[in-house]
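Grab a pencil and open the model in your viewer. Try each task yourself before you read the solution below it.

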Amino acid sequence: MNEQIQDKLQEFYLFDIEVEWLSFRQYKILGFLAGKTIKIIYTYDAKLTLDANIGILIQMIDREILKVYKKGM
């Protein structure tokens, strides 16, 4: 599943993304952007589709990208 998530996310972003399985339905998402590492811990919602979970992750990653650039990057 982590490869599916990683492949889907990589379609949306121009920077490298790694997805690591932590435990049951829990994943660590790492994004490498402008010399910084974005780290998100996400619990996969089994009630939602893969695409719905990806949509949530995209929103979370976008918020982290804004934080990187708002801090003066």
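Here come three short exercises on this protein, each with a worked solution.

A word on the ground rules: this is a predicted model, where local features need pLDDT of at least 70, side-chain atom pairs count only at pLDDT 80 or more, and totals for chains, interfaces and linings use all residues. Residues are numbered from 1 along each chain as its sequence is written, and side-chain values use heavy atoms, with hydrogens and water left out.

**Exercise 1. Work out which pattern the protein follows along its sequence.**

Step 1: Start with the elements. You should find 2 helices and 3 strands; these are DSSP runs numbered from the N terminus (helices: H or I, at least four residues; strands: E, at least two).

Step 2: Put them in sequence order, and you get α-β-β-β-α.

Step 3: Now check the overall build. The radius of gyration, taken over C-alpha atoms, is compared with a globule rule of 2.2 Å times the number of residues to the power 0.38. The protein comes out at 12 Å, close to the 11 Å that the rule gives for 73 residues, so it is as compact as a globular protein of that length.

**Exercise 2. Find the salt bridge partner of Asp-51 and say where the two residues lie.**

Step 1: Recall the rule: a side-chain nitrogen of Lys or Arg sits within 4 Å of a carboxyl oxygen of Asp or Glu. By this rule the protein has 3 salt bridges.

Step 2: The partner of Asp-51 is Lys-8, with the closest N and O atoms 3.2 Å apart.

Step 3: Asp-51 belongs to helix α2 (residues 50-70) and Lys-8 to helix α1 (residues 2-10), so the pair ties together parts that are 43 residues apart in sequence.

Step 4: Look at the cover, where buried means under 20% relative accessible area, exposed over 50%, and partly exposed in between (1.4 Å probe, protein chains only). Asp-51 is exposed at 51%, while Lys-8 is partly exposed at 27%.

**Exercise 3. Take the salt bridges of Glu-20 and Glu-64, and sort their residues into buried, partly exposed or exposed.**

Step 1: Glu-20 pairs with Lys-28, and their closest N and O atoms are 3.4 Å apart. Glu-20 is partly exposed at 30%, but Lys-28 counts as buried at 19%.

Step 2: Glu-64 pairs with Lys-67, at 3.2 Å between the closest N and O atoms. Both lie in helix α2, 3 residues apart, which is about one turn of the helix.

Step 3: Glu-64 is partly exposed at 24%, and Lys-67 is partly exposed at 45%.
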